[in-house]
Amino acid sequence: ILTAPLPQERGGNNSFTHEALTLKYKLDNQFELVFVVGFQKILTLTYVDKLIDDVHKEFRDKYRNEFQQKGALGLLNGTFDFKDDFMRLLRDAEESSKVRAPTVMKTFEQSLKSQKTVKCMIETRGEKLKEKVKSKKNKGSKKDGTEAVAAPSKASAGDKQLSAAGDKEELTKDEILQKNREEFFRRHMKAGEKSRSPKPDAQKEKGKKPRVWDLGNSNAKVLDYSNSATNGSAEACPVEEFDPDMALGDKNREPGRLYDLEYESDDEAEEEKVVQNPSKPSVKKGGLGGMFGMLKGLVGSKSLTREDMDPVLEKMKDHLIAKNVAAEIAVQLCESVAKKLEGKVMGTFTTVTSTVKQALQEALVQILQPQRRVDVLRDVMDAQRHRRPYVVTFCGVNGVGKSTNLAKISFWLIENGFSVLIAACDTFRAGAVEQLRTHTRRLNALHPPESHGGRTMVQLYEKGYGKDAAGIAMEAISYARNQGFDVVLVDTAGRMQDNAPLMTALAKLIAVNAPDLVLFVGEALVGNEAVDQLVKFNKALADHSMAQTPRLIDGIVLTKFDTIDDKVGAAISMTYITSKPIVFVGTGQTYCDLRSLNAKAVVAALMKA
């Protein structure tokens, strides 16, 4: 058995070679698992990456419940019946790697053209005009009313045109033009008379009618929140009936499961063609010299130098910036790739472009894979054993979707069997408390107490507007501890990173209440602004904290991911600058539009040409 430390450096490789044996591995940070496949170095196996990915997904999905209940360390002495599944996945991977046989071209006798005769291919002008006239007659016969009466006149006009075409020699060009004009005006005059004919339409009723929204309520008393019973208390909001399909979206989803982010990349052959074309040498210029130059550019006869990589790195840097990666971080990434590859001997038939691209992809995947894993469900169960609520605080700038994604995370926690108390600590923005109250009603309608043994799964704790946010959070945590809630989600007001008084208030809230998890909510739309926001938020939390070891941001919630297509650079910028993981990704407007980050999917979108 070969033992070697798994590389955790950014841009590290996921393979290990020892003498005649090669090992490839994949880490599962969620359940602390390592999947390793070994094969002889001399073999060129193209399906190894697919095999290890399939085995990882199959094994994780099959034993997911056991991992969540006992944890990975509790199953070390257990046995897993996975041999048959592994052999099936191995056979599928081997079959997919086989080269498909080329398609056989059809013979002439098998084609449709062989069934046609020479006579049917010959067309005469007179026959073509007759077919048009017949088609016009057929169309006219299908119509009713005045159109059926007008059909014979159209056919006669067609006959006149046909006779005019036959007597082409007798009429001059001016006469033919004049006839066509008269026919055109006659048709349009008839069409105008038809359009001016009165229609017995019913008159529209005068006056406006109030619009009724799909998820709204026509009762004004229900919509009046001026004297709400829930204001200033933590009572459960009334349950309101509405269509659950509009709030859930995907009907075929598995309840409680956080799906990985997906991205459909283009064909790998097309990507390789696009990348290698700029570096492809010309063969036409120098005869034999051009051919030898091409071979010299492909065969790994020398080590890479900085001069060889600079043109490729410059294009890669511009490509990253175009995909919303911060300019400073794009420069640092290209610089680290250059230092890693400088002096490396290239493999046989490998271009500089493909080598640099492969190294950059590995670096990006390593950046997105967190060194510190955040497992919210495991931490909530650990807090349950200590008979205390698990506290999560959301912070970020204005308008990034903190309240919306807080509701999505609440729905995910409820589907995993945990009760949630939402603390409305945004006492500044107008409508913030009402927004959370509406989400609470919707969540209670989707998960009524009758489905959970009479237990209310989500409640709202609010004290109105203009109050101290840190005090409300402290009271909410104390209330959750007394009432036996599993999780407390603290919603805070949006604030710009340059606003010193508001950043001081946020640092006070975090320092006083000591939450288990501090999540920064950021948009996927931003570029350089993402770096500035995260750096200044962390700096403000450190400067205004009263503790010796200040509490900083623990993770990131990346929102509005469905609006950026393949411009996913904000994910790279945020994780690179803080080394903190992206815990959740918001991908839509329904409660089910919540995903976990898939590093390979993000990198595939980022490297797309």
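Here a student and a tutor talk through a predicted model, looking at its sheets, a cavity and a UniProt range.

Student: Let's start with the sheet of 3 strands; in what order do its strands stand?
Tutor: The sheet is open, and its pairing is antiparallel. Its edge strands are β1 (15-18) and β3 (33-40), each of which pairs on one side only. That leaves β2 between them, giving the order β1-β2-β3.

Student: Which residue in the turn between β1 and β2 has a positive phi?
Tutor: β1 and β2 (residues 21-28) pair in the antiparallel sense over 4 bridges, and F16 has L23 in β2 as its bridge partner. The two strands form a hairpin with 2 residues between them. In that turn, the residue with a positive phi, about 55°, is E19.

Student: Which helix packs on this sheet?
Tutor: Look for a helix that touches both β2 and β3. Its direction makes about 40° with that of β2, and it covers residues 48-62. This is helix α1.

Student: Now the sheet of 8 strands: why do β6 and β11 each have one side without a neighbour?
Tutor: This open sheet has mixed pairing and runs in the order β6-β5-β7-β4-β8-β9-β10-β11. β6 (458-461) and β11 (594-595) are therefore the strands at its edges. One side of each lacks a neighbour because each has a single partner strand.

Student: Do β8 and β9 pair in the parallel or the antiparallel sense, and which residue is the bridge partner of E523?
Tutor: Strand β8 spans residues 517-523 and strand β9 spans residues 555-559. They pair over 5 bridges, in the parallel sense. In β9, the bridge partner of E523 is T559.

Student: At what angle does helix α17 run to β6?
Tutor: Helix α17 is made of residues 432-446. It lies across β5 (420-424), β6 and β7 (487-491). Its angle to β6 is about 165°.

Student: How do the lining residues of the second largest cavity divide into nonpolar, polar and charged?
Tutor: The model has 2 cavities of 30 Å³ or more, and the second largest has a volume of about 40 Å³. Among the residues lining the second largest cavity are V376, F394, L413, L489 and F584. Two or more lining residues come from each of β4 (390-395), α16 (402-415), β7 and β8. The lining divides into no polar, no charged and 10 nonpolar residues.

Student: How far apart are the end C-alpha atoms of residues 581-594?
Tutor: UniProt lists this range, in an unreviewed entry, for "domain: SRP54-type proteins GTP-binding". In the model, the chain over these residues is 43% strand and 0% helix. Its end C-alpha atoms are apart by 16 Å.

Conventions: Residues numbered from 1 in each chain as written. Predicted model: local features only at pLDDT ≥ 70, side-chain atom pairs only at ≥ 80, totals over all residues. Heavy atoms only, no water. Pairing = 2+ DSSP bridges. Contact = heavy atoms within 4.5 Å. Axes fitted to C-alpha atoms, helices over the stretch in contact; angles between N-to-C directions. 1 Å grid on protein atoms, 1.4 Å probe; cavity = no way out; pocket = protein on both sides within 12 Å on 5 of 7 lines; lining within 4 Å. Points joined across faces, edges and corners; volume = space filled by probe spheres on them. Nonpolar A, V, L, I, M, F, W, Y, C, P; charged D, E, K, R; others polar. UniProt positions renumbered as here; feature names shortened; annotations may be inferred.
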